[in-house]
Each structure stands twice: as C-alpha cells, then as structure tokens.
Amino acid sequence: MTGVVRIRLSRSSVGAEEKEALARVIDGAYLGMGEEVRLFEAEIAALIGGGREVVCTATGTAALQLAISSLDIGRGDEVIVPTITYVASFQAVGATGARPVACDVRAGDVFMDMKDAEKRLTASTRAIMPVHYASGAGGLAEVYAFARANNLRVIEDAAHSFGNDRDGVKVGANGDIVCFSFDGIKNITCGEGGAVVTGDTALAQRLRDGRLLGVEKDTEARYGGGRTWTFDVKHQGFRYHMSNLMAALGRAQLRKLDRFAARRRVLAARYVQAFAGMNGLSTLELDWSHIVPHIFVVKVHDSVREALAKHLKAEEIETGFHYQPNHRLTLFKTDYPLPVAERLADELLTLPLHAELTDEEQDRVITAVLCFFRTR
Ligand SMILES: *Cc1c(COP(=O)(O)O)cnc(C)c1O
C-alpha cells in the first residue's frame, strides 16, 4: 500500500519540553550523575508516596540485577521467574550468578501461576520475581503470601507499570523491592533508564553504593556536586548509575505522566469495547480502569495469530509478540513443561498502543482486525 502512514506498535512521546530539559543540562556542562538525578528520585518518591527510597539506574535491567545482587543473592541461589517476560528479567538474574527458574503463567492475565511456582521451590530458592505483565499484577497478594511462608525476597519487575494504581495506592508504594524501566517506549522514558524502589533503608544504601562501583557514600558526594576520592569498597559494584541528561529527560516526562496515562487508558478501553464478544480473539482479564496500559496484548485463537499479523502488516500496521517463553531459549531451557505458557506462545499478539496514537489510527487497527475475522 502506498500513501498510507505506517502505524507504529510503540514509540516515545517527546517534544519541546524534553529538548529544553536536555539543553539545560548541556548548558550547565554537568552531564553525569548529580543534581538532576537527586531531583528526579525525589519527584518519583513524591509521586509514588509511602515514604519509599528511590534509586535510579542506567536501565531497568540494571535495576533488577543490582537489586538481586544487593540482597547477596548469587551463585548457588535460585530465583523463580514467570517464563513469559522480556529476556531482561532472566538475564538480570543470571548476571548475579543466580539461576532463573522458569515458572508457568495464568491464561487469563499472563501473571505468574503460584500453583506452578510452588512446584519450582527448592532449598536454594531465595527470591521470586513477579512480572507486571501488560501492567497487570492481579496475583501479587498471593506472591507475597508465598514469599512470607517460604522466607523469600520479592523483586517485582514493574517495567510495564510505572504510574499504575493498585487498590488506591501507586505501584511501588508498598511491597519489598519494585523495579521500573524508563527505556524509550515505556510509560515514561529517560532515553534509557530504570529505578529500584524499596522501603528497606539498609538495602537502599547498598543500591546507591552498588550502582557506583560499591564506592561508599559516593551518591551523597555527587549530589553535593563533588565525589569521593578516598573510600572503602565492601561489595561487588557496577557502573549502573543514571546521568543528569537522562534524569532531566525523565523529569520532563514525569510532568506529562497524567496526560500519557489518560490517553493510554482511553485507547485500551476503546480496544476492549471494540473486541468485546468476539469469537476468534480475546483481550486480557485486567483491571483496565486502574492500570496505565503499557502494551495491548490480545489472544488470537484457532492458530491464526501469524495470519492476522501478516494481514495487519499488509495494512501498514505493526504488531508485536510479548513474549516468547524464556524456557524455550537455549540458555534457560527447562526439563519440565510449562503448558499454559506454551499454548499462549501461539496466541499472544500485541497491537499498537502509545500516547501519540490517534483515534483515527486506532480505528484503522480495529477495522483491520474485525475485517480479518469477518472474511475468514
Ligand atoms: C523493558 C523491560 C525490562 C528491562 O528494562 P530496560 O530498561 O529495557 O533494561 C525488564 N522487564 C520487562 C518486562 C520489560 O518490559
């Protein structure tokens, strides 16, 4: 087709405010970690509430790895992870030396299945990593009950959930350790970036030091415009800090979060309404009015997922696949089946959703989907 604008699956929503923020940092000629990062963390803490510690990092994957590592979880330890997640969750665990142990998911919302998680528990299990798949986290109470009963730490991969409410409080306001991502297409972006949020103040200090090579109190020195020249190092550290450039971009995005959230909710609600009662396709069982949808995933039945994706591609509409099960990858292969995930792997399809998507573009997506099923 010519003359038709391609509809993107996802994209950043940035403009004059972000340019201004970056120019401000460049004019100040202090590009690394300093005042902007301190302010960004304070603003995130204020937004989330609950008096939480916020430690920003270079990526969301770095946030996950740093969190696990700072709990002294590593070689010989196991962390239970749902198999349907971005490979980042698995690689973050693996990078600490610990083994990511794949568990199955629930068909309705693709959240980790705690009955299966129970089967994955061994004497080496130290932590569990629930993933807020497509911004949903409906099974979190069960995860925390399981963790309490088995003395496990919980590291929430909330990469899809920044800005979400759950039971009237923001995601991150409670729970053990909650990690966010600010990569280019997430609910807000810093270009790349991430954050660890926790109420554990001792852990927060480990995280602050750990992101700066384990140099004790270097974060505090940098926030004062200096740095630590003589120091001790007691733990493995990383170069995982965030720069002022990234934080300034993130601060401009934070000011737009309400608008982004409202738009994403409207778009998800329009999809849900348009696809209600269909036979060949179903939407996820999520609490749509409360989440800030990061991706819009549908389940395509009767083995026509590839045909639908091809049809949409011909209509200049991008689609995605979140995600192939990690336990099918060479590095993370299991010797046990995960049947729900394996079935979902043939059904999941992601439709375009981002803050810049117009009603007209979304109508094109909806019409193309409905047409595909009508003409079959
Ligand atoms: C984006 C994402 C991450 C990693 O975040 P980066 O900032 O890209 O490193 C981790 N888990 C999930 C589920 C994600 O979508």
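**What holds the ligand?**

Modeller: In the side chain of Lys 186, an N or O atom lies 3.1 Å from an oxygen atom of the ligand. This is a predicted model, where local features need pLDDT of at least 70, side-chain atom pairs count only at pLDDT 80 or more, and totals for chains, interfaces and linings use all residues. Residues are numbered from 1 along each chain as its sequence is written, and side-chain values use heavy atoms, with hydrogens and water left out.

Biologist: What makes the Lys 186 pair a polar contact?

Modeller: A polar contact is a pair of N or O atoms within 3.5 Å, so the pair at 3.1 Å qualifies. Gly 60 has a polar backbone atom 2.7 Å from an oxygen atom of the ligand, and a polar side-chain atom of Asp 157 is 2.7 Å from a nitrogen atom of the ligand.

Biologist: How much of the ligand does the protein bury?

Modeller: The protein buries 93% of the 380 Å² that the ligand exposes when taken alone, using the Shrake-Rupley method with a 1.4 Å probe.

Biologist: Which residues are the closest to the ligand?

Modeller: Gly 60, Thr 61, Asp 157, Ser 181 and Lys 186 are the closest of the 15 that surround the ligand; to be near, a residue needs a heavy atom within 4 Å.

Biologist: Why does the radius of gyration of the chain agree with a compact globule?

Modeller: The rule, 2.2 Å times the number of residues to the power 0.38, is set against a radius taken over C-alpha atoms. For 376 residues it gives near 21 Å, and the chain has 21 Å, so the values agree.

How values were computed: Polar contact = N/O pair within 3.5 Å; in protein donor to acceptor, adjacent residues only side chain to side chain.
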